[in-house]
Amino acid sequence: MSLGATPLQLLVLPGDGVGPEVTEAALLVLGAALAGSGIELEVERRPIGGVALDAGPDPLPAATREAALSAGAILLGAVGGPRWDGLPVRPEAGLLALRRALGAFANLRPVRVLPGLERQSPLRPERVAGTDILFVRELTGGAYFGRPQGQAGRAPNRRAVDTTEYGELEVRRVCEVAFRMARERRRRVTSVDKANVLATSRLWRAVATEVGREFPDVELEHCLVDSFALRLLQQPRSFDVVVTENLFGDILTDEAAALPGTLGVLPSASGGGELPWLYEPVHGSAPELAGRGVANPIGAIAATAMLLRLSAGRADLAAAVDAAVAEVVRGGVLTPDLGGDASTEAVAQQVVGWLRRSA
Ligand code: NAD
Ligand code: IPM
Ligand code: MN
């Protein structure tokens with residue numbers, strides 16, 4: 001996974017809505033983080049999602065797919081928006097196809113409440129302060145990819161079906177990632193399922209338990225998804241690593257954004273095998289903010305920190321970016337989603353300023 005040698009060949013997929021704004025902001029920071037590091041940054045940009053559908057039939061054009069498979073790492077903004085909602089092929093299908101092509105079964109979504117953000121949360125500051133959770137979301141299985149899927153019939157007899165299916169090996173490999181990550185953290189894994197109702201969840205729980213036996217130094221607990229959704233808001237500090245299936249992970253990580261107070265600050269990294277990893281903010285295209293220069297770039301910036309750590313093997317540079325972001329937040333330079341009036345670019349420039357001062 002580590003690139004080791006220079007240069008860093010980065011494929012940027014800006015996508016739709018605020019995607020181009022936050023990826024450009026993140027690139028400013030990445031450039032500053034790499035300055036003087038000996039790593040040269042080579043950036044290529046390609047279309048995905050709605051902008052790709054404006055130009056052709058495929059939300060993941062073949063040229064974008066090929067570029068992704070041969071990149072050092074990929075930074076994606078967001079896809080989707082009301083403009084493409086009525087089309088037979090949706091922009092989101094391009095992102096799903098990309099994750100699948102990359103074999104990106106493990107989606108790492110860290111949720112931290114940085115000092116200074118506690119007061120932005122709709123929850124009580126003393127309850128959310130110090131939250132540090134790593135969600136490990138399964139990303140290439142479950143209802144997102146199960147077949148059959150679709151709608152048939154005519155009104156008033158239309159019917160639709162989605163299929164949730166998991167194989168043992170799919171569960172095992174993502175649980176192994178969670179346990180390995182827990183060893184680098186506080187050695188606690190919470191596996192989230194709906195084993196009281198769903199067959200896939202009963203398999204999930206059995207396999208998670210088996211994997212847990214191979215990591216006796218890590219504590220495993222199981223939690224039903226409905227009570228997890230509540231506990232996440234009541235006792236967020238009680239979690240370390242949380243592993244769960246694709247759909248639950250999608251929903252719960254948006255819920256977790258209530259802890260820092262906005263979706264705009266959450267990053268993610270997706271990968272699995274030897275293919276390039278994909279880095280993105282957790283948020284979507286936020287169409288209502290697009291073009292206004294006010295989207296929070298911290299999710300995308302923090303995603304580039306994950307890239308520096310996981311794909312470039314430069315934990316030092318990743319830590320410098322994270323520290324610079326923390327300083328900017330502490331200093332109160334915040335976009336409107338966090339109650340401030342700073343622009344996307346102003347936040348990025350502040351982070352760049354901190355990086356230069358600390359270099
Ligand atoms: P969204 O994530 O775009 O927005 C949810 C809320 O978070 C909104 O209030 C929005 O203003 C806010 N928000 C999101 N990003 C922000 C940022 N950077 N700074 C400040 N506030 C931010 O979700 P949605 O509105 O439900 O979806 C819009 C479109 O995005 C849909 O087409 C959806 O499919 C797509 N989507 C794409 C991705 C992705 O590309 N990874 C993820 C989620 C949603
Ligand atoms: C996410 C998004 C995607 C998902 C959509 C856009 C397909 O919500 O990355 O969280 O559901 O995985
Ligand atoms: Mn989502």
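Me: Which atoms in the side chain of Arg99 and in ligand 2 should I look at, and what is the distance between them?

Reply: Happy to start there! This is a predicted model, and a polar contact is read from a pair of N or O atoms within 3.5 Å. Here an N or O atom in the side chain of Arg99 lies 2.6 Å from an oxygen atom of ligand 2. The side chain of Arg109 also has an N or O atom 3.0 Å from a ligand 2 oxygen, and for the side chain of Asp250 the distance is 2.9 Å. With the protein in place, 79% of the 320 Å² of accessible area that ligand 2 has on its own is covered.

Me: Which residues are around ligand 2, and which helix gives the most to that shell?

Reply: Look for Glu92, Leu96, Arg99, Arg109, Arg137, Tyr144 and Asp250. Helix 4, residues 91-101, gives the most, with three residues. Sorted by class, the shell has five charged residues, two nonpolar ones and no polar ones.

Me: How many residues surround ligand 1, and which are the closest?

Reply: There are 20 residues around ligand 1, and the closest are Glu92, Gly284, Ala286, Glu288 and Asn296. Notice Glu92, which is also listed around ligand 2. A polar side-chain atom of Glu92 is 2.4 Å from an oxygen atom of ligand 1. For His283, a polar side-chain atom lies 3.2 Å from a ligand 1 nitrogen. Gly284 uses its backbone instead: an N or O atom there is 2.7 Å from an oxygen atom of ligand 1. The protein covers 69% of the 810 Å² of accessible area that ligand 1 has on its own.

Me: What classes of residue make up the shell around ligand 1?

Reply: The shell has nine nonpolar, seven polar and four charged residues. One of the closest residues, Ala286, is worth a look for its backbone too. Its phi is near 35 degrees, a positive value in a residue other than glycine. You can find Ala286 in the loop between strand 12 (278-281) and helix 10.

Me: Where else can I find a positive phi in a residue that is not a glycine?

Reply: Try Arg187, where phi is about 60 degrees. Arg187 sits in the loop between helix 6 (168-183) and strand 8 (188-193). Its relative accessibility is 36%, so Arg187 counts as partly exposed.

Me: How do I check the length of helix 10?

Reply: Compare the expected span with the distance between the end C-alpha atoms. The 13 residues of helix 10 (residues 298-310) should span 18 Å at 1.5 Å a residue, and the end C-alpha atoms are 18 Å apart, so the two agree.

Me: Why is helix 10 described as largely enclosed by the rest of the structure?

Reply: A residue is called buried when its relative accessible area is under 20%. Helix 10 is largely enclosed because 12 of its 13 residues are buried. Among them are Ile298, Ala302, Met306 and Leu310.

Me: Why is Cys175 in no bond with Cys223?

Reply: A disulfide needs two cysteine sulfur atoms within 2.5 Å. The sulfur of Cys175 is 15 Å from its closest cysteine sulfur, that of Cys223, so the pair is too far apart for a bond. By this rule there are zero disulfides. Cys175 is buried at 0% relative accessibility, and Cys223 is buried too, at 7%.

Me: Where are the cis peptide bonds that lead into Pro148 and Pro156?

Reply: For this feature, read the omega angle. The bond from Arg147 to Pro148 is cis, with omega near 10 degrees, and Pro148 is in strand 6. The bond from Ala155 to Pro156 is also cis, again with omega near 10 degrees. Pro156 is in the loop between strand 6 and strand 7.

Me: Is Arg158 buried or exposed?

Reply: Arg158 is exposed, with a relative accessible area of 54%. Its place is in the loop between strand 6 (146-152) and strand 7 (159-163). For contrast, Val18 is buried at 1%, in the loop between strand 1 (8-15) and helix 1 (19-34).

Me: Which backbone atom lies 3.2 Å from the side chain of Thr253?

Reply: The backbone oxygen of Asp250 lies that far from a polar side-chain atom of Thr253. Thr253 belongs to helix 9 (residues 246-256) and counts as buried, at 1% relative accessibility.

Methods: Residues are numbered from 1 along each chain as its sequence is written. Chains are lettered from A and ligands numbered from 1 in the order in which they are written. This is a predicted model: local features need pLDDT of at least 70, side-chain atom pairs count only at pLDDT 80 or more; totals for chains, interfaces and linings use all residues. Side-chain values use heavy atoms; hydrogens and water are left out. A residue is near a molecule or strand if one of its heavy atoms lies within 4 Å of it. A polar contact is a pair of N or O atoms within 3.5 Å; within protein, one must be able to donate a hydrogen and the other to accept it, and residues adjacent in sequence count only if both atoms are side-chain atoms. Accessible areas come from the Shrake-Rupley method with a 1.4 Å probe; for residues, only the protein chains shown count as cover. Helices (H or I, at least four residues) and strands (E, at least two) are DSSP runs, numbered from the N terminus. Ala, Val, Leu, Ile, Met, Phe, Trp, Tyr, Cys and Pro count as nonpolar, Asp, Glu, Lys and Arg as charged, and the others, Gly among them, as polar. Buried means under 20% relative accessible area, exposed over 50%, partly exposed in between (1.4 Å probe, protein chains only). The expected span of a helix is 1.5 Å times one less than its number of residues.
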